[in-house]
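Q: Could you take one part of this protein and look at it closely with me? I'd enjoy a walk through the backbone and then whatever lies next to it in the account.

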Amino acid sequence: VRAALGAGGRAVYASPLKALSNQKYRELGRIFPGEIGLLTGDHSAEPQAGCLVLTTEVLRSMLYRGSELVREVRWAVFDEAHLLGSPSRGWVIEEALILLPRAVRVVLLSATIPNGAALAGWLAMLRQTPCELVHSAARPVPLRHYVASARRPRDLFLVQSGDGAAFDAARWESAVEGLSPPREPSEGGEKKRTPQ
């Protein structure tokens with residue numbers, strides 16, 4: 001975003017969800033006051049801004065229509081790029097990447113992409129330009145696993161904290177204490193009913 005704004009070009013920041021687009025609009029607006037706009041289909045703010053945060057669907061639609069804005073874009077950032085393989089959302093990202101003018105520089109972001117090298121190879125072939133994969137095992141936000149107790153719904157039990165910590169079986173047992181064991185499915189996929 002800084003590179004596009006500094007060079008006088010425009011940037012787009014595409015995310016698959018309206019809620020995430022709204023969040024990124026607020027975050028980037030704090031970093032680049034007066035330079036960020038929003039287009040989600042439901043809401044529009046500062047559409048002439050140097051950087052537009054939008055949903056991937058809105059970007060795809062603009063590309064299909066040959067929007068004037070697309071001709072001004074120098075950088076395109078795609079958040080949640082791991083959704084490229086998703087049958088429900090991946091095709092929208094893929095079409096937007098295919099339709100973007102070749103001069104647009106592309107950045108794909110994902111915290112959980114399992115096939116980064118393959119994706120970088122595909123992107124390099126598609127865009128006809130080298131693609132660099134930047135990988136880090138460090139998580140800026142530690143991943144923690146909690147279990148909600150069925151008996152005490154307001155209680156959360158931390159069963160595994162980030163950075164490779166061991167699974168806490170004692171907390172798991174506390175969370176599931178008193179629950180009935182799962183019923184075995186009967187033939188035909190229906191659950192067996194036990195007499196009351």
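A: Happily! Let's begin with E46, which is found in the loop between β3 (44-45) and β4 (51-55); strands here are DSSP runs of E with at least two residues, helices are runs of H or I with at least four, and both are numbered from the N terminus. Please keep in mind that this is a predicted model, in which local features need pLDDT of at least 70, side-chain atom pairs count only at pLDDT 80 or more, and totals for chains, interfaces and linings use all residues. Residues are numbered from 1 along each chain as its sequence is written, and side-chain values use heavy atoms, with hydrogens and water left out.

What catches the eye at E46 is its phi, near 50°, a positive value in a residue other than glycine. E46 counts as exposed because its relative accessibility is 53% (exposed is over 50% relative accessible area, buried under 20%, partly exposed in between, with a 1.4 Å probe and protein chains only).

Q128 also has a positive phi without being glycine, near 55°. Q128 sits in the loop between α6 and β7 (145-148), and with a relative accessible area of 58% Q128 is exposed.

From Q128 we can step to α6 (116-127) itself, because α6 and β6 (105-108) are the elements that give two or more residues to the lining of the largest pocket. The largest share of that lining, seven residues, comes from α6. The pocket's volume is about 1,200 Å³, and of its 37 lining residues, L108, L109, S110, L133 and V134 are the closest to the centre. (A pocket is an open set of points on a 1 Å grid over the protein atoms alone, where a 1.4 Å probe fits, with protein on both sides within 12 Å along at least five of seven lines; lining residues have an atom within 4 Å of a point. Points are joined across faces, edges and corners, and the volume is the space filled by probe spheres set on them.)

For a view of one helix, turn to α2 (residues 18-31). Its 14 residues should span 20 Å at 1.5 Å a residue, and the end C-alpha atoms are 20 Å apart, which agrees (the expected span is 1.5 Å times one less than the number of residues). L20, S21, K24 and L28 are the buried residues of α2. Seen down the axis, they fall within an arc of 95°, so they line one face of the helix; the arc is that of the directions from the axis to the C-beta atoms. A19 and R30 are exposed on the other side of α2.
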